[in-house]
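Me: I'm new to this one and would like to go through it slowly. Can you put it up so that we can talk it over?

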Number of protein chains: 2
Amino acid sequence: MGRRNDHSRQEIREMALQVAEKIVAKEGLQGLNARKIASAIGYSVGSLYIVFENLDDLILQVNARSLDQLYTVISKTEQQCRQPDACLLALGQAYLEFAMEQPQRWRTVFEYQRTKDAEIPSWYRKKIFRLFKLVEKPLLEFMPTLEPHLCAQTARALWGGVHGICILALTGRLEIVGADSVQNLMELLITNYLAGLKNVQGTPCTPEEGTTQECKA
Amino acid sequence: MGRRNDHSRQEIREMALQVAEKIVAKEGLQGLNARKIASAIGYSVGSLYIVFENLDDLILQVNARSLDQLYTVISKTEQQCRQPDACLLALGQAYLEFAMEQPQRWRTVFEYQRTKDAEIPSWYRKKIFRLFKLVEKPLLEFMPTLEPHLCAQTARALWGGVHGICILALTGRLEIVGADSVQNLMELLITNYLAGLKNVQGTPCTPEEGTTQECKA
DNA sequence: ATAAACAATTGAACACCGTTCAATATGGGG
DNA sequence: CCCCATATTGAACGGTGTTCAATTGTTTAT
C-alpha cells in the first residue's frame, strides 16, 4: 500500500497513543510492542517511527497522559477538602486510590526508565512539579510559619513516603493480611508526620527526644 | 567442545552469579544478558540454562545477594546505636546510603518483576521480612505500648516512606538542588513521623488536629 | 489527458534478546 | 584400548526495536 492520506500525522499519533494506553492498562508495559500497536491502528510499524521518535518516546507520551489524569484526580480532591490536615490525608488516599485502580498505568509511569541516556524533557518534569505544588499548598496552610524552601522539602519528604507505600503495596512487598490495611498504613504515615511537624516546630527542642535537625531552624 | 569437567555445577553457578553481580552493578539490569554472562565465564549460553532455570531465576539470585548485603549493612547500623529514635534515623540513613552507593543493584532489587506469573519464593520473602524486623525492634523500644500488630504496621508505614524517598531520589524525580538534601528529606520524614507517633499516642485526641484513626486505639 | 514529481506507506531485513535441544567431544570405567 | 555416559555446545526459533529501499497513490504541470 502506498499513499492513502486516510489520517493526518496527528491523527495517527492520537490513535497510536489511545491504543497504547489500553494495552498498558490491560497488559502492562510488558504487553506493549510496536507491531501490536501498529496492527491495532491498521498501519505498519514504519508509520509509527514517522510519528514517534522511538518506542521510548511513545511510552513517555502515554505516561504523560497518566500523569495528567492523576493530576486531575488529585486536583479535584484538593479542591473539595477544608482543613489542611484532612486535605493532605485525602490527597494521599487519592494518590493511593489512583495507584490501586490503575496499577499498570501507575507503575509504568514510575518504573519505566528510558533506554537511552536522554534526559527527561522539561515539559514532562513540569507535570511532576505541579503535582508537588498540590501538596505544598495545604501543607503551607497547615504550617504557615514554614519558609518556602523548607515547605518544599517537607512536601517532598511526605510525598516520597506516600509514594513508597504505594509502590511496596503494588509490588506485593508489604505482605499485609487484611483488606484495607494499605489505607491504614497511609493514614498512619500522614497523620503521624503531620502531628510531628506541628509538635517539633511548635515546641523547643528537648535533648532526649529531638535528634539534631529541628533545633537549628 | 564436549565434556571437560573443569568446574562443578555449583562452581559454574557461583561464577555466573559473581559476573552477573558485576554487570548489574556497572551497567544495571539493562546491561545484563545471557550471552554476556556466558562469554564472561567461558561457557556457552546452554550451560547457564543447566545451572539456572532461566534468567529470571538468575536475577532473583543476584537480588538475593543484594538483599543479604543490605541486611548486613542495616544490621550493623542497628547494633551500633543507642537511643531508639536515633537508631531509627540511623537505619533510614543507612538504607539511603546503600541505595545511593549501589544504585544499580538496589534498583534492580526493587524494580525487577519476574516475567512469568510465578510467585516470589518464600525464602526470598524471608529476606525482606527480616529487614522489617530490624525496624520493628527499635520502634518497639521507642513506643513500648504499641501492640505487636500495630507495631508491624507502624514499621511498614515508616519503611515504605523511607523507601519512597530513596526511589524518587534515585530516579531523579525529586529534583533537589544541593548535595546532601536527600539526607535532609530522610531526616525530616523519620523525625517528624516519630515525633508524631509519640505525640498522638501520648495525648488525648483533640478534634481540630487529630483526624479519626488514632482516637480509636 | 498524460506524464512527471512527490509524498505517504510498507514490510523485509538487521541486530539483538531469551530459550531450547540435537549434535558433539571428551573423561573415565571395563 | 574402546566405548559409553555425559558435560557442553551453538545453531536455530520466535520474539524484540528499528531502519530504509521500494512501492504505490496523490498532486501538480504540461
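Me: What is 3.1 Å from a polar backbone atom of B:Ala34?
Reply: That is a phosphate oxygen of DNA strand C, and please keep in mind that we are looking at a predicted model.

Me: Which side chains have a polar atom by a phosphate oxygen of strand C?
Reply: A:Arg9 is one of them, with a polar side-chain atom 3.2 Å from a phosphate oxygen of DNA strand C, and A:Ser47 is another, with an N or O atom of its side chain 2.9 Å from a phosphate oxygen of that strand.

Me: OK, and how many residues surround strand C?
Reply: There are 28 residues around DNA strand C, and the closest are A:Arg3, A:Arg4, B:Asn33, B:Arg35 and B:Tyr49. Of the strand C atoms that come within 4 Å of the protein, 65% belong to sugar and phosphate.

Me: What classes do those residues fall into?
Reply: The surface near DNA strand C is made up of 11 nonpolar, 10 polar and 7 charged residues.

Me: Which helix gives the largest share there?
Reply: Helix 3 of chain A does, with 4 residues of the surface near DNA strand C. At least two residues each come from helix 1 (9-27) and helix 3 (45-51) of chain A, and also from helix 2 (34-41) and helix 3 (45-51) of chain B.

Me: Now strand D. Which residues come nearest to it?
Reply: Of the 26 residues around DNA strand D, the nearest are A:Arg3, A:Asn33, A:Arg35, A:Tyr49 and B:Arg4. Sugar and phosphate make up 66% of the strand D atoms that come within 4 Å of the protein.

Me: Where do backbone atoms come in for strand D?
Reply: A backbone N or O atom of A:Ala34 lies 3.1 Å from a phosphate oxygen of DNA strand D, while for A:Leu55 a backbone N or O atom lies 2.8 Å from a phosphate oxygen of this strand.

Me: And which helix has the largest share near D?
Reply: Helix 3 of chain B, which supplies 4 residues of the surface near DNA strand D.

Me: Changing topic: how do helix 5 and helix 7 of chain B pack?
Reply: Helix 5 (residues 84-101) and helix 7 (residues 122-142) of chain B pack at an angle of about 155°, with their axes 8 Å apart. Angles over 145 degrees count as roughly antiparallel, so helix 5 and helix 7 of chain B are roughly antiparallel to each other.

Me: Is that crossing left-handed or right-handed?
Reply: The crossing of helix 5 and helix 7 of chain B is left-handed, and by class their contact has 9 nonpolar, no polar and 2 charged residues.

How values were computed. Residues numbered from 1 in each chain as written. Chains lettered and ligands numbered in written order. Predicted model: local features only at pLDDT ≥ 70, side-chain atom pairs only at ≥ 80, totals over all residues. Heavy atoms only, no water. Near = heavy atom within 4 Å. Polar contact = N/O pair within 3.5 Å; in protein donor to acceptor, adjacent residues only side chain to side chain. Nonpolar A, V, L, I, M, F, W, Y, C, P; charged D, E, K, R; others polar. Axes fitted to C-alpha atoms, helices over the stretch in contact; angles between N-to-C directions. Parallel < 35°, antiparallel > 145°, perpendicular 65-115°, else oblique. Left-handed = near helix turned anticlockwise from the far one by under 90°.
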